Amino acid sequence: MAATRRRRGVNADSLPRSGRIARSVVLALGAVAFLFPFYYMLIGSLQTKLDSTTSGLLPNPANLSGTNYVQINDRINLFQGLLNSGIFTGGVLVCTMVFGLLVGYALAVLQWRGRGVTFALALLVQVVPFQLLIIPLYVLIARDYGLADNYLGMIIPFAINSTAVIIFRQYFLQLPKELFEAARIDGASELKLLWGIAIPLVRPALITVVLLTFIGPWNEFLWPFLITKNQALQPLAVSLANYITNVAATASNPFGSALAGAVVLAAPVVILFIVFQRYFISTDIGSSVKG
Amino acid sequence: MTSTLAERQGVVPSSGGATPGRGRRKRRPLGRNPLGLLFSAPYLLFVLAIFAYPVGYAFWISFHDFFFAAPGAQVARPFVGFTNYVTALTDPAVLRSFANVGVFLVINVPLTVVFSLLLATALNKATRAVTFLRISYYVPYVTASIAVVAVWSFLFNGHGLVNSILGPLAPSPSWLINDHWAMPIIAFFVTWKQLGFYILLYLAALQNVPKELYESASTDGAGEARKFFSVTVPGVRTATVLVLLVSTVTGANLFTEPYLLTNGGGPDGASTSPVLIMYQKGIEQGQPDVAAAIGVVLVIAVLIIAFLQNRFAGGRD
C-alpha cells in the first residue's frame, strides 16, 4: 500500500482504489442508517393497516391512505399544535434576532466597559446545564410569575440564544473597521450603522442563526411540557408526546397515527434544513461552540 | 437614543445616562462607546434572570424545606441543611437513575466519539454526493426527538420490524420492555440522533489539521490507518475533548427518551434518568427541594466527569 502511495505522489487526499471503495461504503452505510428511520416514518404513517413485517418496507398501494393523519387530527388539533410551535419558535427568533444582533454588534464593534465580561458570560451560559435550571425556572415562571399556560412563559427561558450572539459577534468582527469609521464621520448613528451597513454584510450569518435558533424551540419538549397543561396552548411536540403516552392506545392503528404526527412535526424543520443546508456549515457552528 | 449620540462620538464626556452611579473617575467611565452597554442590556438582563439567579436559587431551594405555595403567599421555608440531599441519595430510585445514566454514558460517549470521527474523516475527503451525505447525516440532529422516538418505538416494539427480521433471535421480553436492553437502546438512539452535531464539530476541527503533516506521513510510508491514528486523532484532540464534554452533558440531561421510548423509565425503573426522577419528584409529587438537590448532585457529578475527561483526553498541551 505504501508503494502505491508513493507512486501516486504525496497528495494527501488520494487513496488507493480499495481505500476509496471502503470510504464510499462507510459513507453510504452512514447515509442509510441516518435516513432509513425517516423513510420508515413516512411509510408507516401512510399505512392504513400496520405492516411491520419486512414486506411493509415497500409501499403497498392497497394499504396506503391518509387515515392516520385524519385520526390523529381528530384527537389533537395538528394545525393548532403547529401554530403554537410556530408562536413559540417565532417569539424566540424575534428576540434572538433583535437583541442578539444588538449585543453581537456591541461586542464586536463598540468599545465599552464590561465588554469582556459580557462575552465571557455568553460563553459561560452555554455550559450551564439545564437540569440545574428546571426546578428554579419552574418555580419562578410557572408559580411566582403565573406564566404557566402562557406563550410568554414558554418563550422566556429560550428568548436570546447565546450561540447566536457568539456567531453574530464572530461575523461582525470580520468586517473592516474603516467602514464604520467612515460612516461615523459622516454622522451616522450606531443603530443606522448596524442596520444599514453591518447587517446587510453578514446576511449568511443571519440565515445560519435563524436555522440554528429555529430547531431549538421547535424541537424542545421538556420545558413546554412542564408549563403547558392546557392542550390548546401546547406546541406540537408536547401534544404529540401526550398523544403517544395517553391516547394512541385507543386508536385503531396506534403507531400509524403517532407516525403521522411525527411526520407533521418533523416536516417543517427537515424542509427548512434541506433548502438552507449550505448555511449549516461546520466553520460557523464549530467556531462558535469553541468560542 | 439621541441623547447618547454625542457621547458616542466622543464630542462630550459621558453623562452616565446608561448606568448612573458608576462613578466618574475618568472622562469616559463606560468606555468609548457607552452605547455598547445599552445595546447589551437586554441580553445581560436575560442572562441574569434566566441563568444567574435561577442557578443560585436552585442551591438555595436544595438547602431549604421548599414546597409549592400559592403565588404571593408568605410561607416559612426553614433551612434544613443537607436533609434534602440525604433524602435524595438514600432513595433507591434516585441511585438507580444515576446508575442508569452511568450505563448510558459508558455506551453513548465512546460510540459517539468513534463514529463521529470516522464519518467526519470520510465525509471530509468525499468528493461525490457531498450535499446529499451532509443532509442525511445532519437530519436526525435537526429533527425533534419526539418525532424520531415515534419511529424507534415502532421499529423496536415487540412486533416491530427489528424483531420480525431477527425472528427467533429477538430478545424476550422485547427491547424496550427488557431491563437489560432498555437503557442500551436509549443510548443507541441518542448516539444516532446526536451524531450529526458531533460530525459537524469534527469537520470544523479537521480543517485545522495541517495538510503538511499528512504529506510528510505519506513520505515516511505511513498507510491510511497509520495516518489516521498518528495525524488525524492527535490533530483533532481539542474537538475530542469538546465532544466528550458535550455528549456527557447531553447524556446527563436525558429526559425525553426514557419518558417516551420506555414509557417513563420502564421496565421497573431500568431506564429512569435523574432528570426524569426530578420531574416526577419535583413537579408531580411536589418535592421541588429534593429535586433541586438531585439537580445539584447531578451537576457536580458532570463537573467531576468533565474534569477527568479534560485531564486525561485534553492531554499534554
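I started with the interface: chain B and chain A bury about 9,300 Å² between them, with 77% of that from carbon and sulfur atoms. On the chain B side, I find that B:Phe39, B:Tyr43 and B:Phe154 give up the most area to chain A, together 9% of what that side buries. Note to self: this is a predicted model.

Next I looked up who takes part. I get 106 residues from chain B and 100 residues from chain A in the contact.

Then the polar side of things. How many salt bridges are there between chain B and chain A? I count zero. For polar contacts between chain B and chain A, I have nine residue pairs, both partners at pLDDT 80 or more. Helix α2 of chain B (residues 35-62) supplies the largest share of the side that touches chain A, 19 residues. By residue class, that side of chain B splits into 73 nonpolar, 22 polar and 11 charged.

Confidence check on chain B. I read an average pLDDT of 85, and 90% of the residues score at least 70. Where I'd be wary is residues 1-25 of chain B, with pLDDT below 50. Even so, I see 37 contacts in the model from that stretch, beyond near neighbours in sequence.

Last, the domains of chain A. I have domain 1 at 17-65, while domain 2 is written in two pieces, 77-235 + 271-290. Taking the centres over C-alpha atoms, I get 35 Å between domain 1 of chain A and domain 2 of chain A.

How values were computed
Residues are numbered from 1 along each chain as its sequence is written. Chains are lettered from A and ligands numbered from 1 in the order in which they are written. This is a predicted model: local features need pLDDT of at least 70, side-chain atom pairs count only at pLDDT 80 or more; totals for chains, interfaces and linings use all residues. Side-chain values use heavy atoms; hydrogens and water are left out. Domain bounds come from an automatic or database domain assignment. Contact means heavy atoms within 4.5 Å. Buried area is the accessible area (1.4 Å probe) that two parts lose on being put together, summed over both. A salt bridge is a side-chain nitrogen of Lys or Arg within 4 Å of a carboxyl oxygen of Asp or Glu. A polar contact is a pair of N or O atoms within 3.5 Å; within protein, one must be able to donate a hydrogen and the other to accept it, and residues adjacent in sequence count only if both atoms are side-chain atoms. Helices (H or I, at least four residues) and strands (E, at least two) are DSSP runs, numbered from the N terminus. Ala, Val, Leu, Ile, Met, Phe, Trp, Tyr, Cys and Pro count as nonpolar, Asp, Glu, Lys and Arg as charged, and the others, Gly among them, as polar. pLDDT is the predictor's confidence in each residue, from 0 to 100.
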